[in-house]
Amino acid sequence: MKYLDYYQILKKDSFIENIIREQLTGQKKQIKPGERIFLEKDRILLIDRGALVLCSGNTFLRSFKTNDYLHAIDPQKDQGDRKILLEAMEHTILREYCAQEFLQFLEQKQLLSNFFLQELEKAQKWSYMQANRIIISTEERVISVLQELVERFGKEVAHGKVILPKWIKIVTLAKLSGCSRNMASRSIQYLKKQGILTQEKSLWEINEKALANLYY
């Protein structure tokens with residue numbers, strides 16, 4: 001079997017995450033919605049359940065979901081006092097590991113290269129989306145962020161229809177898009193008029209294919 005074929009199987013089955021949970025002891029933490037924590041240097045977090053966002057003041061920079069890793073590994077030891085701030089969007093359970101022990105464990109299991117490839121793939125995808133959002137209009141940027149949230153957090157309820165968790169609201173969308181609430185609200189109203197988004201109680205239900213085809 002080719003290496004990349006093997007890697008795709010590991011990724012699809014969450015093999016690395018499952019073996020880490022089963023065999024590597026970490027500190028389990030629970031974070032309440034709205035609670036903020038700092039990610040310390042040379043620590044790695046693995047999300048068991050829930051959602052976190054990377055914060056910069058009142059702006060949200062990036063979202064993380066179940067089975068995502070968060071890390072602040074600094075081989076050059078030059079981070080200084082810079083800390084990574086995270087906020088829980090819903091009740092979140094995670095595991096915290098010492099980075100050195102974590103990486104040594106994966107090396108022993110011959111999974112270290114797969115872990116790095118997986119993280120590189122995620123980082124490249126996110127960097128591409130961020131670079132693209134610089135050159136598009138604000139309205140398109142809001143839609144782009146919503147498309148990402150649907151891909152990452154959407155739960156299929158019918159053919160072609162997904163619902164988003166209740167923490168995804170206009171204010172959340174605005175913070176992730178780097179725009180005003182009014183602009184995010186106008187984008188949502190546009191989607192409602194187009195029949196792409198409907199609202200059931202506090203949840204957004206979205207036609208995934210129609211949303212994906214906007215601006216493409």
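**Exercise 1. Work out how β4 is paired with β7 in this predicted model, and which residue of β7 stands opposite Leu 52.**

Step 1. Start with the bridges: β4 and strand β7 (residues 84–88) are joined by four of them. The two strands run antiparallel.

Step 2. Now pick out the residue pair. Opposite Leu 52 you'll find Ala 88 in β7.

**Exercise 2. Find the antiparallel partner of β4 that forms a hairpin with it, and describe the turn.**

Step 1. The hairpin partner is β5. Strand β4 covers residues 52–56, strand β5 covers residues 59–64, and five bridges hold the antiparallel pair.

Step 2. Check who faces whom. Leu 54 has Arg 62 of β5 opposite it, and Cys 55 has Phe 60 as its bridge partner in β5.

Step 3. Look at the turn. Two residues sit between the strands, and Gly 57 in that turn has a positive phi of about 65°.

**Exercise 3. Put the strands of the open sheet in order and say which ones stand at the edges.**

Step 1. The general background is that strands of a sheet pair through backbone hydrogen bonds, either parallel or antiparallel.

Step 2. Here the sheet has four strands in the order β2-β7-β4-β5, with antiparallel pairing.

Step 3. β2 (36–39) and β5 each have a single partner strand, so each is an edge strand with one side lacking a neighbour in the sheet.

Step 4. How far are neighbouring strands turned against each other on average? The answer is 35°, direction ignored.

**Exercise 4. Identify the best-connected residues of the largest nonpolar core and the elements that build it.**

Step 1. The core holds 31 residues. Those touching the most other members are Leu 146, Leu 149, Leu 173, Leu 191, Trp 204, Ile 206 and Leu 211.

Step 2. Two or more residues each come from β4, α5 (138–153), α6 (170–177), α7 (181–193) and β12 (203–207). The largest share, seven residues, is from α5.

Step 3. Zoom in on Leu 149. Leaving aside residues up to four places away in sequence, its contacts include Ser 63, Leu 164, Trp 167 and Leu 173.

Step 4. Don't stop there: a separate second core has 16 residues, among them Ile 16, Leu 103, Leu 112 and Phe 115.

**Exercise 5. Classify the ring pairs that Phe 115 makes with Phe 102 and Phe 116.**

Step 1. The whole structure contains six aromatic pairs. For Phe 102 and Phe 115, the ring centres are 5.3 Å apart and the planes are at 65°, so this pair is edge-to-face.

Step 2. Place the rings on the chain. Phe 102 belongs to helix α3 (residues 99–108) and Phe 115 to helix α4 (residues 112–134), so the pair ties together parts 13 residues apart in sequence.

Step 3. Phe 115 and Phe 116 come out as tilted, with 5.7 Å centre to centre and 55° between the planes.

Step 4. Are Phe 115 and Phe 116 buried or exposed? Phe 115 has a relative accessible area of 2%, so it is buried. Phe 116, at 44%, is partly exposed.

Step 5. Zoom out: ring pairs link Tyr 69, Tyr 97, Phe 102, Phe 115 and Phe 116 into a cluster.

**Exercise 6. Describe the surroundings of Arg 95, then see what helix α2 packs against.**

Step 1. Arg 95 is in strand β8 (residues 92–98). The cut-off for buried is under 20% relative accessible area; Arg 95 has 17%, so it counts as buried.

Step 2. Its side chain makes a polar contact with the side chain of Asp 48, at 2.7 Å.

Step 3. Beyond four places in sequence, Arg 95 touches residues including Arg 21, Gln 27, Leu 45 and Asp 48.

Step 4. Follow Arg 21 into helix α2 (residues 15–23), where Ile 16, Glu 17, Ile 19, Ile 20 and Arg 21 are buried. The buried residues of α2 pack against β3 (43–49), β6 (69–71), β8, α3 and α4.

Terms used
Residues are numbered from 1 along each chain as its sequence is written. This is a predicted model: local features need pLDDT of at least 70, side-chain atom pairs count only at pLDDT 80 or more; totals for chains, interfaces and linings use all residues. Side-chain values use heavy atoms; hydrogens and water are left out. Buried means under 20% relative accessible area, exposed over 50%, partly exposed in between (1.4 Å probe, protein chains only). A polar contact is a pair of N or O atoms within 3.5 Å; within protein, one must be able to donate a hydrogen and the other to accept it, and residues adjacent in sequence count only if both atoms are side-chain atoms. Contact means heavy atoms within 4.5 Å. Two strands pair if DSSP finds at least two bridges between them. A nonpolar core is a set of buried Ala, Val, Leu, Ile, Met, Phe, Trp, Tyr and Cys residues joined through side-chain atoms within 4.5 Å. Axes are lines fitted to C-alpha atoms, for helices over the stretch in contact, and angles run from 0 to 180 degrees between N-to-C directions. Rings of Phe, Tyr and Trp (its six-membered ring) pair if their centres lie within 6.5 Å; planes under 30 degrees apart count as stacked, over 60 as edge-to-face and the rest as tilted.
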